[in-house]
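Please open the model in your viewer and keep the sequence panel beside it. The stops below say what to select next and what is to be found there.

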Amino acid sequence: MSKKPDSSSRSTIALNRRARHDFFIEDTFEAGLALEGWEVKSLRAGRAQLNESYALIKEGEAWLFGAHISPLLSASTHVHPDATRTRRMLLHRAELNRLIGAVERKGFTLIPLALYWKRGRAKLELGLAKGKKVHDKRATERDREWDRDKARILKSSR
């Protein structure tokens, strides 16, 4: 008898790999998304990209810009899907207040990191981030290469 996968586990839909390369991620938040029916169906098919996306706070609400959710070919004829429409993010008021303070006063940026399923609902992992300079990116790459070389050396010495 096979066991059903845990419904609370994360099933990743899309990742923003570039975000961790270009930014220092200070803190992460989980936000829900206000989606239309065709968008949910497209997400279930794995047709989403977060590469060019960003988040802003306008009038006390968080919004996701530039996330690309491709409509399915079988989309309804009376619905005209917009793949890159602005989507509202659902956060608790305390989280929103904290994000507003960090973005407006401390100069942080909101970056979408991952889109995933949690208990049947689409969730977005947001990162509170500061931009990296070129020399920071080089240092990160150097550390990553050294870790890779170190693992290779330790593996060959065994």
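Begin by selecting S2 and S7, two strands (DSSP runs of E with at least two residues, numbered from the N terminus, as helices are, which are runs of H or I with at least four) that run antiparallel and are joined by two bridges; strands count as paired if DSSP finds at least two bridges between them. In this pairing leucine 33 stands opposite methionine 89 of S7. Add S5 to the selection, and you will see that S5 and S7 also pair in the antiparallel sense, over three bridges, with leucine 64 opposite arginine 87 of S7.

Stay with S7 and show its side chains, which alternate: Arg87 and Met89 point to one face and are buried, whereas Arg88 and Leu90 point to the other and are not. Here buried means under 20% relative accessible area, exposed means over 50%, and partly exposed lies in between, with a 1.4 Å probe and protein chains only.

Before going further, note that this is a predicted model, in which local features need pLDDT of at least 70 and side-chain atom pairs count only at pLDDT 80 or more, while totals for chains, interfaces and linings use all residues. Residues are numbered from 1 along each chain as its sequence is written, and side-chain values use heavy atoms, with hydrogens and water left out.

Colour the chain by pLDDT, the predictor's confidence in each residue from 0 to 100: the mean is 83, and 92% of the residues reach 70 or more. Over residues 1–8, however, pLDDT stays under 50, and for this stretch the model has four contacts beyond four places in sequence, a contact being heavy atoms within 4.5 Å.

Next select helix H3, residues 93–106. Its 14 residues should span 20 Å at 1.5 Å a residue, and this agrees with the 19 Å between its end C-alpha atoms, because the expected span is 1.5 Å times one less than the number of residues. Leu96, Leu99, Ile100, Gly101 and Ala102 are buried in H3, and what covers the buried residues of this helix includes strands S2, S4, S5, S8 and S9. After H3 comes glycine 107, with a positive phi near 80 degrees.

Most residues other than glycine have a negative phi. Which residue in the loop between S4 and S5 should you select next? Glutamate 59 lies there, and its phi is positive, about 50 degrees, although it is not a glycine; at 85% relative accessibility, glutamate 59 counts as exposed. Arginine 119, in the loop between S8 and S9, likewise has a positive phi, near 50 degrees, and counts as exposed at 60% relative accessibility.

Now go to asparagine 16, in the loop between strand S1 and helix H1. Is asparagine 16 buried or exposed? At 6% relative accessibility it counts as buried. Leaving aside neighbours within four places in sequence, asparagine 16 is in contact with Leu50, Asn51, Ile111, Pro112 and Leu113. A polar atom of its side chain lies 3.3 Å from the backbone oxygen of leucine 50.

End at histidine 78, in the loop between strands S6 and S7, which counts as exposed at 65% relative accessibility. Draw a distance from its C-alpha atom to that of leucine 15: the two atoms are separated by 31 Å, and the residues are 63 apart along the chain.

How values were computed
A polar contact is a pair of N or O atoms within 3.5 Å; within protein, one must be able to donate a hydrogen and the other to accept it, and residues adjacent in sequence count only if both atoms are side-chain atoms.
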